[in-house]
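Student: I am new to this structure and would like a close look at one part of it. Could you take me through how a pair of helices pack, and then show me a little of what lies elsewhere?

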Amino acid sequence: FLVEWSSSEDFSPLAGEIIMDNLESLRCTITGLRTGQRYYVHVSAYNMRGWGPPRKSTPEYASPSNWKDCSGREPRHRGHTEALERLLQQVRAAHQHYNCRESSKLQNAGRKQSVSRSLKHLFHSSNKFVKTLKRGLYLSVIFFYKDNLLVTNEDQIPIVEIDDSHSSSVMQDFLWFAKLSCMWDDIRWLRQNMSVSVSSSTALQARQKMLSAAAQLQNLLGTHNLGRVFYEPIKDRHGNMLIVTIREVESLYSFFNGKWMQVSKLQSQRKSLSTPEEPTALDILLITIQDILSYHKRSQQRLPPGLYLGYLKLCSSVDQIKVLVLQKLPNVLCHVKIRDNSNVSKDEWEWIQTLSGSESVESMDHTSDCPTQLFLYELQMAVKALLKQINLPLHQAKHFRLYTQEVLELGHNVSFLLLLPASDDVCTAPGQNNPYTPHSRFLNLPLQMFELGIVACFT
């Protein structure tokens, strides 16, 4: 087939053409079109007698459009990134000015005092890796290359102590610490400026200790980049809690105070200091380290370009909200692909706006001759596939809704339409039955960790 298109009805001049000689798929994609420009398309067939007369398309013409054309509104996040960057620069400038004044005062201190402090700091026990856990909060790093892990000279995973005790409300501090994975280079700056504002606030003091532990690991290993924070801390029944960061390196290059060892060898050498019934957090880390590495690798995967249908399901607890994701791709919602083209046209979006909450997508007629006919069929297939993926019967589709406020454009030509359950089921509250807990294919990620995964993969 010969596909030709033009911006004029008489096809003079032609804007382009495509010859389709592989008839396994009767679709082609026309690129390089201008938004709002009217285009006409016709198709000619070829056989042994030559080219036949061209047949016009139905409808005769179409104009490339985008869903934002419906309301004429600007993108919701337009200018937000730039505004936040300006605010950050203002904060940096103010703190740098303050630090310059403070450092000029400190330069007048006696040499003897600074030397004695330096020596004390050099030999202080906190500048060493922890070998055993003693009812406290700790920070550990996992640097890996293929099946090799970075360990200390004593064949231990690098661990430092954050605090010799911790409260049961440490989760908010953990989620705050997870955001540092986007700004490891600023640890020193954050420590300096937080120390100025530290008061009797328990939260500020706890976070200052977290910053100190991160800086200590950076100094011991000789690198700023500590990787990404694992989505949950590892806890045991002995009162220990272990925050884990993970980083994949490009080669087996040397780190300060460290060497490389195969994962299997490290696991076999580990002599447990606890019972099998009540393992310590360090034992749990070593036992589950392959699962942790697998999670990290899967969370780095990026979706290929296209339009997807995602299922938004939340689960709340006393101190946080979690998002339902698949274990095999934890950085995005449970999803199926609708099509390769990520754009949602104006006509398609206007049709979505007409959907009522009581009208079932899967029962709608897709045989009518309209511009959205193909889109309706693709959406129906996606809804059926998604319900099957999340283990829900098809008849429940009549209770589901499409999110009609916007198309979520994640970047790299990846867009999402959201499928929402009934209003009362969007967020499972404490005490309610959660049908996804027993299924090993699913994870419930803290909302902040989910957001960090989106940022890491699509920006």
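Tutor: Happy to! Keep in mind that this is a predicted model. Let's begin with helix H9, which spans residues 346–353, and helix H10, which spans residues 373–389. Their axes lie 10 Å apart, and the two helices pack at an angle of about 60 degrees. Because of that angle, H9 counts as oblique to H10. As for handedness, the crossing of H9 and H10 is right-handed.

Which residues bring the two helices together? On the H9 side you will find Glu348, Trp351 and Ile352, and they meet Phe375, Leu376 and Leu379 of H10. Sorted by character, the residues of this contact are five nonpolar, no polar and one charged. Glu348 is the charged one, because Glu belongs to the charged class.

Now let's set another pair beside it. Helix H3 (residues 171–178) packs against helix H5 (residues 202–221), with an angle of about 45 degrees and axes 10 Å apart. That angle makes H3 oblique to H5, and the crossing of H3 and H5 is right-handed. Here is who takes part: H3 contributes Gln172, Asp173, Phe174, Trp176 and Phe177. From H5 come Ala203, Ala206, Arg207, Met210, Leu211 and Ala214. The residues in this contact of H3 with H5 divide into eight nonpolar, one polar and two charged. Gln172 is the polar one, while Asp173 and Arg207 are the charged ones, because Asp and Arg belong to the charged class and Gln does not.

Away from the helices, have a look at Ser316, which sits in strand S15 (residues 314–316). Is Ser316 buried or exposed? Its relative accessibility is 18%, so Ser316 counts as buried, the cut-off being under 20%. Leaving aside residues up to four places away in sequence, Ser316 touches Ile321, Cys427, Thr428, Ala429 and Pro430.

Since a cysteine has turned up among those neighbours of Ser316, let's finish with cysteines. How many disulfides are there? The count comes to zero, where a disulfide would need a pair of cysteine sulfur atoms within 2.5 Å. Two other cysteines show how exposure can vary: Cys70 is partly exposed, with a relative accessible area of 31%, whereas Cys182 is exposed, at 54%. Cys182 earns that label because its value is over the 50% cut-off.

Key. Residues numbered from 1 in each chain as written. Predicted model: local features only at pLDDT ≥ 70, side-chain atom pairs only at ≥ 80, totals over all residues. Heavy atoms only, no water. Axes fitted to C-alpha atoms, helices over the stretch in contact; angles between N-to-C directions. Helix = DSSP H or I, 4+ residues; strand = E, 2+ residues; numbered from the N terminus. Parallel < 35°, antiparallel > 145°, perpendicular 65-115°, else oblique. Left-handed = near helix turned anticlockwise from the far one by under 90°. Contact = heavy atoms within 4.5 Å. Buried < 20%, exposed > 50% of the residue type's maximum accessible area, 1.4 Å probe, protein only.
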